[in-house]
Amino acid sequence: MTADASHAGPARTRTRPLAVVTGASSGIGAATVRRLAAEGYDVVAAARRRARLDELAAELESVRAVTLDVTDDASVAALAEDLTDVAVLVNNAGGAFGMDEVATSDVEDWRRMYDVNVLGSVRMVKALLPALQAGSGGHVVVTGSIAGHLAYEKGGGYVAAKHAESALAQTLRLELNGRPVRVSEIAPGMVRTDEFSLVRFDGDQAAADAVYAGVEAPLTAEDIADTIAYVVTRPPHVNIDLLVVKPLAQAAPHKVHRTS
Ligand code: 8X3
């Protein structure tokens, strides 16, 4: 499934199509950068942690590191400034903060999750839409979550943010109908990465490890990168609206088979 420019649309002015990946410093974002580079894209790897991006860029010739904070309008504008033709935007920056019942949850956690997951994607889409519509068009990918489709106890703030991100993708698809921009949502279930649960539990490694305890094979970041690569390398007339991807052991957010 090696991509060439034709996968991103008819003849483009670039020799390789350009992909922009946010949240690229680790986990699904970094895996997606590597995978899209292997698929034939030039990739702008964007995130706050520049040192990690520089490592990626040193590893892969087709990757350019750009410091980006999706919660900051000026930072997003600076990234968009010199991008005139973007084939793929992967809105991957995001995350969960806290795991609490609504009654005891921290409103600030809800606010931060809304800002990075939802408004971060809105800012990126607004800034890059002209470049996504340039030439032969582009593709907006939103890294959502099963939490965007099903609620679970103690997940309220994250569930709400991911539902909103899904609503963003659906709205955008309606509004862009007739224009050469595809919109896809990838909704992963349990993905074991170094940071997702550690961040959610504010650095509590034992709590983070417990999420995956006894689960034979949680998804990996590479599994989701593989899904994203599949979606963006379909022929340009094919729009995959939504892909929900869970490990075999997970039937629902709260229904996980554990061997111990
Ligand atoms: C991560 C999946 O189940 O923790 O987006 O909400 S879950």
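How do the residues of the shell around the ligand divide into nonpolar, polar and charged? Keep that in mind as you click around; what you have open is a predicted model.

**Stop one: the ligand.** Select the ligand and show what surrounds it: Ser145, Ile146, Ala147, Tyr152, Tyr158, Pro188, Gly189, Phe196 and Arg200. Here's the split: six are nonpolar, two are polar and one is charged.

**Stop two: the polar contacts.** Now pick Ser145, where a side-chain N or O atom sits 2.6 Å from an oxygen atom of the ligand. Move on to Tyr152, which has a polar side-chain atom 2.7 Å from a ligand oxygen. Then try Tyr158: a polar atom of its side chain is 2.6 Å from an oxygen atom of the ligand. Switch on a surface here, and bear in mind that the ligand on its own has 250 Å² of accessible area, 85% of which the protein covers.

**Stop three: the largest nonpolar core.** Leave the ligand and select Val20, Leu79, Met124 and Leu128, the residues with the most contacts inside a core of 38 residues. Next, color the elements that give two or more residues to this core: strands E1 (18–22), E2 (42–47), E5 (138–143) and E6 (181–188), plus helices H3 (73–81), H4 (107–133) and H5 (156–175). Helix H4 gives the most, with nine residues.

Zoom in on Met124. Leaving aside residues up to four places away in sequence, Met124 touches Val20, Thr22, Leu68, Val70, Val76, Leu79, Leu89 and Asn91.

**Last stop: another core.** Apart from that one lies a core of 33 residues; to find it, select Val21, Ile28, Val191 and Ala229, which are among its members.

Definitions and conventions: Residues numbered from 1 in each chain as written. Predicted model: local features only at pLDDT ≥ 70, side-chain atom pairs only at ≥ 80, totals over all residues. Heavy atoms only, no water. Near = heavy atom within 4 Å. Polar contact = N/O pair within 3.5 Å; in protein donor to acceptor, adjacent residues only side chain to side chain. Areas by Shrake-Rupley, 256 points an atom, 1.4 Å probe, with all protein chains shown as cover. Nonpolar A, V, L, I, M, F, W, Y, C, P; charged D, E, K, R; others polar. Core = buried A, V, L, I, M, F, W, Y, C linked by side-chain atoms within 4.5 Å. Buried < 20%, exposed > 50% of the residue type's maximum accessible area, 1.4 Å probe, protein only. Helix = DSSP H or I, 4+ residues; strand = E, 2+ residues; numbered from the N terminus. Contact = heavy atoms within 4.5 Å.
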